[in-house]
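Here's a quick look at one strand, its partners and the packing around it. Have the model open while you read.

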Amino acid sequence: MPPAGRCLLWLGLVLASAHASLESAAPGDSTTGPLNVLLIIVDDLRPSLGCYGDKLVRSPNIDQLSSHSLLFQNAFAQQAVCAPSRVSFLTGRRPDTTHLYDFNSYWRIHAGNFSTIPQYFKENGYMTMSVGKVFHPGISSNYSDDSPYSWSIPPYHPSSEKYENTKTCRGPDGELHANLLCPVDVVDVPEGTLPDKQSTEQAIRLLEKMKTSASPFFLAVGYHKPHIPFRYPKEFQKLYPLENITLAPDPQVPDGLPSVAYNPWMDIRQREDVQALNLSVPYGPIPVDFQRKIRQSYFASVSYLDTQVGRLLSALDDLQLANSTIIAFASDHGWALGEHGEWAKYSNFDVATRVPLMFYVPGRTAPLPAAGEKLFPYIDPFDSVLELMEPGRRVMDLVELLSLFPTLVGLAGLHVPPRCPVPSFRVQLCREGQNLRKHFRLQDLEEDPHLRDNPRTALLSKIAASCSCWRS
């Protein structure tokens, strides 16, 4: 056999061996202990972020996370509605399997006793904790956020959450209203705080407790903003002067659009400031100046959210947990800001179904931080000059939130549940999504200390080098 042929044969054998090693060895193996998991879920966040190419939005802390992460450019939700999407990705089953397309049923009763991501981690020795909006509240999670199945301790909901849809927005008339646009002076609102600020504070308290725990943790943190109403600290408006706010590039309802494909955005029509516009149903349109104000408040809400993510990740760093914690960041679905005449989710347009999705895995997507080094120092979005941060690596493949279950489980070193049979209503543990772990493999070979120091990897490098010599 010629040298090149022998090279290819050996290369194939070693690749097969390395592949087996990748499947069996994960970062959370016995040499380092299991990795923790921090899952950050955001409500109604489209990829209007600097790391997704948005030149206007200031999101330096999320961008910083992306610079240490594997970012998926084309990730999509199964359905652009909160409860169906969350139940779907938290169980790893499609809405056709969970039988939930709205808010009005609990999957364990109406579809099947399907396991969830946190439940699986809990059953594998993890302390599982929920802060903020993780499951959609109400019937769809049995009025309990799926407790006690999914969580080791009772889920936390911020006390100020109950004021979100009340008259706390001071209008131009000086009176309080239940508005869509609701920049507030935080000291003047009930309890002097906002739900996402409380969620960040609680999540940090839990991290502090888990710092000294012998058990690995799975912490899910659900942020409300930029979900409507746009109720956020008023100073964030200053980041987005109205003269800098552009309109949607495709603001017209498409000609010939079937009525079933359009949503008349009744959610925002119920708000007092929108009611005052006396808009026609179903198509509006909304006056141009008010369109700019909606977009301004959405972007301001995103920057406010970014500060909360930044404080949370900075605390993770301060507690020296960044080198032992997987971070997954995602949204339940997007939201239309005037594209196609829409101002809502509830559609199958790209802006409603496409979501940000990124994974930080210590030692894989970024080198392990050195002693005293901070990966996630807090960045103030009000800084006049912000450094442009590129994602650590970008994947262009089309992926779906359904993959969260097998991917997180696999990255943590746990056994990945099998693919679901059809039908699977009586199967408690299986998954309908693909494991995205294959997208981490190139960096595995280069950066994962478990693979970098593996003799098979060293042999692979030598053979590859030899092949290169033969080719030349």
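In this predicted model, S9 pairs with strand S10 (residues 354-360) in the antiparallel sense, through four bridges. On that side, Phe329 sits opposite Met358 in S10. S9 also pairs with strand S1 (residues 36-42), this time running parallel, with seven bridges joining the two. Here Val42 is the residue standing opposite Ser331 in S9.

Here are the two pairings in table form:

| Partner of S9 | Sense | Bridges |
|---|---|---|
| S1 (residues 36-42) | parallel | seven bridges |
| S10 (residues 354-360) | antiparallel | four bridges |

So how many residues of strand S9 are buried? Seven of the seven in residues 325-331 are, so the strand is largely enclosed by the rest of the structure. Side chains in a regular strand alternate between the two faces of the sheet. In S9 both faces are covered: Thr325, Ile327, Phe329 and Ser331 are buried on one side, and Ile326, Ala328 and Ala330 are buried on the other.

Now for the packing. Phe329 turns up again in the largest nonpolar core, which has 74 residues; along with Ile40, Leu219 and Ile294, Phe329 touches the most other members. Helix H10 (residues 288-318) supplies the largest share of this core, 13 residues.

Ile40 is worth clicking on too. Setting aside neighbours within four places in sequence, Ile40 contacts Ile327, Ala328, Phe329 and Ala330, and also Val221, Tyr223, Val309, Leu312 and Leu313. There's a second, separate core as well, with 46 residues, including Leu100, Val399, Leu404 and Val416.

Conventions
Residues are numbered from 1 along each chain as its sequence is written. This is a predicted model: local features need pLDDT of at least 70, side-chain atom pairs count only at pLDDT 80 or more; totals for chains, interfaces and linings use all residues. Side-chain values use heavy atoms; hydrogens and water are left out. Buried means under 20% relative accessible area, exposed over 50%, partly exposed in between (1.4 Å probe, protein chains only). Two strands pair if DSSP finds at least two bridges between them. A nonpolar core is a set of buried Ala, Val, Leu, Ile, Met, Phe, Trp, Tyr and Cys residues joined through side-chain atoms within 4.5 Å. Contact means heavy atoms within 4.5 Å.
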